[in-house]
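Q: Please take a close look at one part of this protein chain, the open sheet and what surrounds it, and describe it in a connected way. I would like to follow the strands, the loops beside them and the contact with the rest of the chain.

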Amino acid sequence: MTTRIINGTLLTSGPEHQTLKADVYVTGDRITHIGDVPAEADETIDATGCVVMPGFVQSHIHLCQTLFRGAADDLELLDWLKKRIWKLEAAHDRLSLRTSAQLAVAEMMRGGTTCALTMESVHHTESALEVVEESGFRAVVGKCLMDKGDDVPDGLRETTDHARTESLRLIDAWHGRADGRVRVAFAPRFVLSCTEDLMRDVAAIARKRGVLVHTHASENRDEIAIVERETGFRNIRYFHEIGMTGPNVCVAHCIWLDDEETEILAETGTHVLHCPSSNLKLGSGIASVVELLERGISVSLGADGAPCNNRLDAFTEMRTAALLQKMRRGASRLTAREAFVMATWNGARALGLADDIGSLEIGKRADLVVVNLETLHAAPHPDPLSALVYAATAQDVRDVLIDGRRVVRGGELTTLDEGAIIRDARTQFVATAARAGLG
Ligand SMILES: [Zn+2]
């Protein structure tokens, strides 16, 4: 299968980001030509008036929570978890989790996200993995680990041994499936949900097996106070003490860091996953992204869970990330280019996939997005990158390829049934909320 994408403006991303008029040619699952492309192809996409870019990589998503969109508004983190999210997650069955993952993947692919790092619930992670495999989406999926904690419903409680063995079972069964498109990570929820034994073990096994560790830290000041009381350390220092820092460790939020913690992140190459909308909606705070980037720390973007956002929209996160840093540090900070690179290239780096995705380069996987800029809200776009970051919306995404396969064609999903997913989401939400006693 070959595809030509012609007449578009390329936004290449990567450390050497370029904006250029050029055609792209895809052979099988790879980009094989940029610029001078063969005249014949099985399919030709005319991208006149559009930008062609690498797919967004969202580095912090919970597929399992998408069903709970709009069911946990106006709460701070610990109440949000204890009063709503944990009860709802505990009430998931295989089918409700499958619907939740389908809704998430459909929304993301339709909006130009081609890859995500996701944290699921304690049970039924296989349902999420199946949806990723079937839909053509690319993801690194982790089963949530929760072997301790207060106010945790029975349905989410697990032993240390279960947390470990179930993760290893999923890694053995799924890591690298679909030619590497489906991958598995360890996902210890956060310090308050995991024993030190489990976190130490997981950190060591992940390093040995070459898989990611995906967790949350330093999101909320009440959370940090409990972590300090329980461990004697601030969050990132504690992770460092137990061996859970390094280039395979991805930490969502990192809002409230002291200088020592920032230093640890920089020295160890630990990745920060910034979720600006979620941080605002839960009233958590604003991360010091400019300072983290200045220290050379990799900061990428994610929408987090639908119930704390409430969209899974990379455009919203890019724009919000940039606007927040301008408010903190002045209008010249966090430029459109920096926000775009965070949303693509830095995401690929966090996931350990920068050799394969995250920028438009010959030889890379063909995870490509065509975004129409010929709209009232983006015209006249003298600078296409500015238009993409500050003006375009997810609805402007026209075509999406993952591994060279067209998963969105002219704004329509080709591998998932949008109408059926919206109907199933309603039914499955009602059933799950009833099981949770929140109906
Ligand atoms: Zn999260």
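A: **The open sheet and its surroundings**

Pro380 is placed in the loop that runs between β16 and α13, and in this predicted model the peptide bond leading from Ala379 into Pro380 is cis, with omega near 5°. That loop leaves from one of the strands of an open sheet, which has seven strands in the order β3-β2-β7-β16-β17-β18-β19 and mixed pairing. The edges of the sheet are taken by β3 (19-21) and β19 (412-413), and because each has a single partner strand, one side of each is left without a neighbour in the sheet.

At the β3 edge, the pairing can be followed residue by residue. Strand β2 (residues 9-11) pairs with β3 in the antiparallel sense over three bridges, and Leu10 has Leu20 of β3 as its bridge partner. The loop between β2 and β3 holds Ser13, a residue that is not a glycine and yet has a positive phi of about 60°.

The sheet can also be set against the domain assignment, which divides the protein chain into domain 1 (2-54 + 364-413) and domain 2 (56-350). The centres of the two domains, taken over C-alpha atoms, are 28 Å apart, and their contact takes 25 residues from domain 1 and 23 residues from domain 2. On the side of domain 1 that touches domain 2, the elements giving two or more residues are β7 (50-54), β16 (368-372), α13 (384-391), β17 (397-402) and β18 (405-409). The largest share of that side, five residues, is supplied by α13, the helix that follows the loop of Pro380. Sorted by class, this side of domain 1 has 17 nonpolar, five polar and three charged residues.

For a view beyond the sheet, a second cis peptide bond joins Asn309 to Asn310, again with omega near 5°, and Asn310 belongs to the loop between β15 (299-301) and α11. The axis of helix α11 (residues 314-329) comes within 9 Å of the axis of helix α12 (residues 336-350), and the two cross at roughly 135°, which means that α11 is oblique to α12. The crossing in which α11 passes α12 is right-handed. On the α11 side the contact is made by Ala314, Glu317, Met318, Ala321 and Ala322, and on the α12 side by Ala336, Ala339, Phe340, Met342 and Ala343; by class, this contact has nine nonpolar, no polar and one charged residues.

Definitions and conventions. Residues numbered from 1 in each chain as written. Predicted model: local features only at pLDDT ≥ 70, side-chain atom pairs only at ≥ 80, totals over all residues. Axes fitted to C-alpha atoms, helices over the stretch in contact; angles between N-to-C directions. Helix = DSSP H or I, 4+ residues; strand = E, 2+ residues; numbered from the N terminus. Parallel < 35°, antiparallel > 145°, perpendicular 65-115°, else oblique. Left-handed = near helix turned anticlockwise from the far one by under 90°. Contact = placed C-beta atoms within 7 Å. Nonpolar A, V, L, I, M, F, W, Y, C, P; charged D, E, K, R; others polar. Pairing = 2+ DSSP bridges. Domains from an automatic or database assignment.
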